[in-house]
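Trainee: I am new to this model and would be grateful for a close look at a single part of it. Please choose one strand and describe how it is placed among its neighbours.

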Amino acid sequence: MNILGLDALVFGVDDLQACSNCLRDYGLAPVDVSDRSARFEALDGTAVVIRYANDPQLPPAIGPAPSIRETVYGVACAADLDAIEAELLRDRPVTRDAHGAVHSVDDMGFAIAFQVTVRRAYQAPDDLTNAAGHAPQRPLNQLGISPDMPAAPRTLSHVVYFVPDAVKAEAFYAQRLGFKTTDRFERVGPFMRPAGSDDHHCLFMIQTPAHMKGCEHFTFHLGSGTEVLLAGRRFEQAGWTSFWGPGRHLMGSNWFWYFNSPLGCHIEYDADMDKHDDAWEARQAPMSADNSQLFLFNAREKWAPGGPPPKAE
């Protein structure tokens, strides 16, 4: 099944304005905004959709608002939708909406949907690095960074679920939808990519007690580690609280910076994720601080040599 990755995440929320402010400050573009719902898009058209939690258009909630209500995957063509529909109809209800998208649930009760992808081509700056010993990538007199450089979310990267049975959840995505496990934290859960994507993962699942079931975080890809630092700093200056980072993960190698949000989960920036094909053999490692990130920074206020030292945190 040629599932390409995430097209959208749909949330049921209790404070539409706060969530709209968060997603706008995060860098997503508001599209189709009303007093009941809003869609916020990355450069390629992938998106976060927010609706009031009591909106009858939403699938049933798996927990109190705010919470994720549906995960929408993009596929290459209509034939892929037919194949997914036929597969899921073997043992669960499946519906089609007026636009032809397929809607169902996974084995953990998360609402999932599939549509011909909305992803589109876009223009964004290249990440050009000058490394000693190699020909420069950046032309002479072209600056590597400036205070007003763009750092916009480019595409929806991944979502992380809290699940009560990570083994059963992994089996569903592997056996029914053709996902591949790239790495795994032992006794915690798998990182998985759909067959149509070479990103290290678009789905990570964490084993937790049943009452915690829900979304832990989601993230969009930025263009570089520099953009993660820049976007995160701007987000922080807009008043949003850092939760974890900035740093760089080991599993996936991606840069990260997580923030608290009013959507009922954390929201992350990431960049420079590993790419894999079917020749890759999944690694296993215990969940630990050392295995979760190679390094982790603590942000401080700006200062200059010769001035007073920065305040200790």
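Mentor: A residue is called buried when its relative accessible area is under 20%, exposed when it is over 50%, and partly exposed in between (1.4 Å probe, protein chains only). The model is predicted: local features need pLDDT of at least 70, side-chain atom pairs count only at pLDDT 80 or more, and totals for chains, interfaces and linings use all residues. Residues are numbered from 1 along each chain as its sequence is written, and side-chain values use heavy atoms, with hydrogens and water left out.

The part chosen is strand 13, residues 214–221. Helices (H or I, at least four residues) and strands (E, at least two) are DSSP runs numbered from the N terminus. Strand 13 is mostly covered, with eight of its eight residues buried. Cysteine 215 is itself buried, at a relative accessible area of 9%.

Two strands are said to pair if DSSP finds at least two bridges between them. Strands of a sheet pair through backbone hydrogen bonds, either parallel or antiparallel. Strand 13 pairs with strand 9 (residues 155–163) in the antiparallel sense, over seven bridges; here histidine 158 has threonine 219 as its bridge partner. With strand 16 (residues 266–271), strand 13 pairs in the parallel sense over five bridges, and there threonine 219 is matched with glutamate 268.

The wider setting is an open sheet of ten strands with mixed pairing, in the order 17-10-11-12-9-13-16-15-14-18. Its edges are strand 17 (283–286) and strand 18 (293–296), each of which pairs on one side only. From one strand to the next the twist averages 20°. Angles run from 0 to 180 degrees between N-to-C directions, and axes are lines fitted to C-alpha atoms, for helices over the stretch in contact. Beyond strand 13, strand 16 is joined antiparallel to strand 15 (residues 255–259) by five bridges, and tyrosine 258 stands opposite glutamate 268.

Helices also meet this sheet, where contact means heavy atoms within 4.5 Å. Helix 1 (residues 16–26) packs on the sheet and touches strand 13 and strand 16, its direction making about 10° with that of strand 16. Helix 3 (166–175) lies across strand 9, strand 10 (180–186), strand 11 (189–193) and strand 12 (203–207), running at about 15° to strand 11.

The interior can be described through nonpolar cores, that is, sets of buried Ala, Val, Leu, Ile, Met, Phe, Trp, Tyr and Cys residues joined through side-chain atoms within 4.5 Å. The largest holds 61 residues, and Phe218 is among those that touch the most other members, together with Phe11, Ile50, Phe114 and Tyr173. A second, separate core of nine residues includes Phe162, Phe191, Phe204 and Ala285.

The sulfur atoms complete the picture. A disulfide is a pair of cysteine sulfur atoms within 2.5 Å, and the count by this rule is zero. Cysteine 215 is in no disulfide, the nearest cysteine sulfur being that of cysteine 265, 3.9 Å away.
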